[in-house]
Amino acid sequence: MHLETESTSHGEVPTQSVEDGASTATGHPCLEEGCNYNLKNRHEFREHLKLLHGKDFTFNELEFMTYDEFFKWKLKFENDNQVQFIKPSGLKKRKHGYIQYFHCFRSGKYHNKGQGKRITQRSEKIGNICTAEIKMYIRENGKITAKVCNTHYGHGDSLSYMKLTEAEKKTIAHSLKMKIDIPVILEKLRNDMLESPNLARIHLTTRQDIKNIQRNFGLSVERHRDDATSVRLMIEEMATLDGDNPVLGFKFQGSVPPEYENFLENDFIIVLQNPLQKEMLKKFGNNVVCLDSTHGTNAYNFKLITILIIDEFGEGFPAAWCISNREDYTALKKFFGLVKKNLAEDLTTKFFMSDDAPAFHNAWVDVFGFSEHKLLCSFHFDKIIRSQVNRLISDKIKACEVYKILSIIFSKTGEEQFLTMFEKFKSDLIVDKDTENFGNYFLTNYEHRVKEIAKCYRLGSPVTTNNHLESFYKDLKYNFLCGKSNKRLDHCFYKLMEYIKNKGCQRIIKLERGKISSQIRTILSRHKRSFQLDFNQISKETEDSYIVKGEKSNYNVEVKEQSCSKTCSVKCSECNICIHEIKCSCLDSVVNVTICKHAHLVCRKRINKERSTHIPQDISTTISNIHNLIQNTNQKQQRVPDFLKNTEELLEEIRNQASRLDPVTNKAKFLEINAKLRNIVNFIKIGNQENKLPKSSANGNQNIITQNSFFSTKKKQQKIPNMLCKPSFQEKEDITKNFISAIVVPETDHEVYCLKKVPENEGKPLPKKEKNRDASI
């Protein structure tokens with residue numbers, strides 16, 4: 001390295017004519033106070049500042065063998081000095097080689113190319129030239145000489161204006177490619193910033209910077225900046241899949257294709273069904289189908305409509321999707337029509353559940369035909385009744401009574417009892433002037449739909465609410481959309497495809513390893529309860545029919561001889577019987593659709609009497625299907641390793657790798673290696689010492705002892721509960737007796753279990769609160 005002062009062979013700086021303190025010459029103005037000179041180039045600028053203002057400029061001259069060596073030095077030089085040098089032009093031919101200029105990136109003027117619609121941040125350009133410069137001379141023999149002036153002028157700290165280098169961008173892009181979340185990348189950068197003695201540009205990286213890198217490196221799901229164009233490009237990509245294309249049909253805004261003649265020009269619709277969803281709908285669509293829609297998946301208020309089925313594990317599985325701005329009969333019929341065309345077969349469902357909107361069921365009936373049972377979601381019904389009772393009945397005491405009576409009537413499991421109470425309830429609503437308006441509303445909207453709501457008509461149904469759909473929407477929004485309000489439709493499209501891929505992998509895991517679902521857990525709990533009963537309570541009626549004596553009534557248990565499908569997973573592993581092979585007349589079996597304790601008692605007696613001839617199901621076909629869905633990874637058979645030899649090889653590999661690292665440039669890596677090796681040494685020491693803790697006398701499930709703490713003695717104001725509350729068990733009995741005085745309601749040992757008991761004082765008016773009187777007054 002050589003230090004020298006810049007040559008002044010060009011002569012003195014030319015004197016410029018100044019009039020009224022202002023220069024008339026063109027060029028770059030001097031920023032010193034009281035100076036009106038304008039200079040043509042950097043050389044004149046440096047000479048002017050040196051001769052007239054006493055500024056000192058030092059040049060460093062460096063030699064490099066290759067351009068790569070120069071480029072590595074330049075990156076380090078820029079990082080150390082927190083500045084960047086850019087090329088203003090290309091290589092220039094000289095007598096003995098070439099010359100390349102590198103100017104400070106702050107030098108120059110900002111030229112706004114926009115129309116002023118967007119508010120931009122401050123520009124990195126200072127509106128003048130900076131005196132810092134690198135001249136790179138490329139000799140004929142390939143050697144490089146760099147003449148560096150690192151004295152800047154016209155600006156201060158430039159760290160906030162610097163851009164990320166290509167190497168830093170590639171590092172972040174690699175992390176994104178490895179599916180590392182943006183918050184994790186930011187956390188790593190923040191930790192590095194706190195540990196580093198000097199602040200660098202990469203430490204100032206924001207979430208938007210990472211998103212820009214994600215887009216520029218092609219790691220984003222966006223195919224285009226315009227959302228509509230991006231979605232269209234994604235659809236064209238899906239079209240190359242031929243038979244596995246998940247897009248069944250679409251209509252964009254601004255056009256009306258012939259097959260969408262009933263739609264308006266501004267309408268949008270896209271129907272999606274993955275091949276796995278198609279197979280699941282074929283397999284389980286004959287039992288239960290749930291329909292509902294949700295919002296918040298895009299910024300255009302397009303609804304996400306979902307067809308959901310219940311699999312053999314009792315869990316929901318979305319079978320098809322529709323994204324549209326319409327949720328009426330026309331859009332739903334088109335949705336169902338495309339799904340039926342893709343299935344290429346008829347689909348007859350046993351149970352169909354949706355919300356209170358009639359368009360769902362009407363469109364489904366027109367495409368797939370009537371289902372055996374049309375169910376209204378109990379949650380939606382309860383929500384509507386609550387709002388209408390509060391709105392139409394001004395007397396809040398009567399409103400509470402009406403709501404409780406409705407809840408009791410529609411929870412009855414006997415049809416005759418339900419009809420008797422319902423008829424009396426209708427007449428009472430109309431007679432009373434305070435409830436007449438609500439009575440007219442209720443009879444108009446729900447009298448003809450009691451079979452969709454009343455529990456006595458829903459016995460045997462595996463679902464009572466649309467909780468499976470609500471669970472899916474929650475999983476999609478919080479786990480896949482990260483709990484944020486999604487804006488772009490292409491991102492929603494991509495996340496739906498990711499969801500079904502993840503759902504398919506979860507299904508493969510459940511089929512391979514098994515899954516204890518809520519239904520299985522309920523069946524196993526009933527199996528344990530059956531041990532509280534005695535075999536003497538069973539009396540055989542026929543070969544496949546048994547009577548189990550209860551405390552207050554008897555129950556009939558029937559066993560079916562024909563085996564259930566081998567694919568059924570809802571079974572008791574102890575009794576080797578599934579839910580479809582046995583049934584009981586008790587409420588637990590009828591209402592909760594499970595294998596009750598009476599059925600388990602009969603099964604245990606049959607197993608003790610005759611050995612079970614149950615043959616385990618062959619899962620080879622299932623395994624074959626799993627291998628067709630995922631890529632088969634070749635697992636090499638591992639031999640028993642020689643642990644000592646492997647340890648020595650690993651230690652030798654560590655030595656070799658560490659010897660290749662430069663301790664100056666890889667200081668952080670050496671510190672991390674030392675920390676990990678120190679943990680290993682500590683681990684070995686702990687193993688040799690064989691330290692033991694004293695045996696604990698506390699039970700792992702025992703609650704901790706509450707410590708003494710301070711508490712407030714101020715009396716808290718008691719909150720008045722919501723008047724529209726569910727009736728207690730005693731209220732149910734009293735209301736039922738008042739409605740049907742001649743009918744004795746049979747009480748079973750399951751009724752208390754099935755009906756949720758609430759405190760007796762809930763719903764009753766609270767006593768008046770006494771005023772606090774100060775004794776000193």
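A charge is taken to sit over an aromatic ring if NZ of Lys or CZ of Arg is within 6 Å of the ring centre and within 35 degrees of the ring normal. In the present model, which is predicted, the charged end of Arg-326 sits over the ring of Phe-263, at 5.2 Å from the centre of that ring. A further case involves a lysine, since Lys-147 lies over the face of Phe-59, with 5.2 Å to the ring centre.

Aromatic rings were also examined for pairing with one another, and a search of the whole structure finds 35 aromatic pairs. One of these joins Tyr-67 and Phe-71, whose ring centres are 6.3 Å apart and whose planes stand at 25 degrees; because planes under 30 degrees apart count as stacked, the pair is stacked. Both residues belong to helix H2, which covers residues 67-81, and they are four residues apart, or about one turn of the helix. Tyr-67 has a relative accessibility of 34% and therefore counts as partly exposed, and Phe-71, at 38%, also counts as partly exposed.

The pair formed by Phe-422 and Phe-442 has its ring centres 6.3 Å apart, but its planes meet at 65 degrees, so the arrangement is edge-to-face. This pair links distant parts of the chain, for Phe-422 lies in helix H12 (residues 415-431) and Phe-442 in helix H13 (residues 436-446), with their positions 20 residues apart in the numbering. Both Phe-422 and Phe-442 are buried. The two residues are also members of a cluster linked by ring pairs, which includes Phe-381, Phe-410, Phe-418, Phe-425, Phe-438, Tyr-441, Tyr-446 and Tyr-457.

Among the strands, seven form an open sheet in the order S12-S13-S16-S15-S14-S17-S18, and the pairing within this sheet is mixed. Strand S12 (247-251) and strand S18 (373-376) stand at the edges, and because each has a single partner strand, one side of each is left without a neighbour in the sheet. From one strand to the next, the twist averages 15 degrees. At one edge, strand S17 (residues 351-354) is joined to S18 by four bridges, and the two strands run parallel; Met-353 stands opposite Leu-375, a residue of S18.

The cysteines were considered last. With a disulfide taken as a pair of cysteine sulfur atoms within 2.5 Å, the count comes to zero disulfides. Cys-492 has a relative accessible area of 2% and is therefore buried, whereas Cys-505, with a relative accessible area of 36%, is partly exposed.

How values were computed: Residues are numbered from 1 along each chain as its sequence is written. This is a predicted model: local features need pLDDT of at least 70, side-chain atom pairs count only at pLDDT 80 or more; totals for chains, interfaces and linings use all residues. Side-chain values use heavy atoms; hydrogens and water are left out. Rings of Phe, Tyr and Trp (its six-membered ring) pair if their centres lie within 6.5 Å; planes under 30 degrees apart count as stacked, over 60 as edge-to-face and the rest as tilted. Buried means under 20% relative accessible area, exposed over 50%, partly exposed in between (1.4 Å probe, protein chains only). Two strands pair if DSSP finds at least two bridges between them. Axes are lines fitted to C-alpha atoms, for helices over the stretch in contact, and angles run from 0 to 180 degrees between N-to-C directions.
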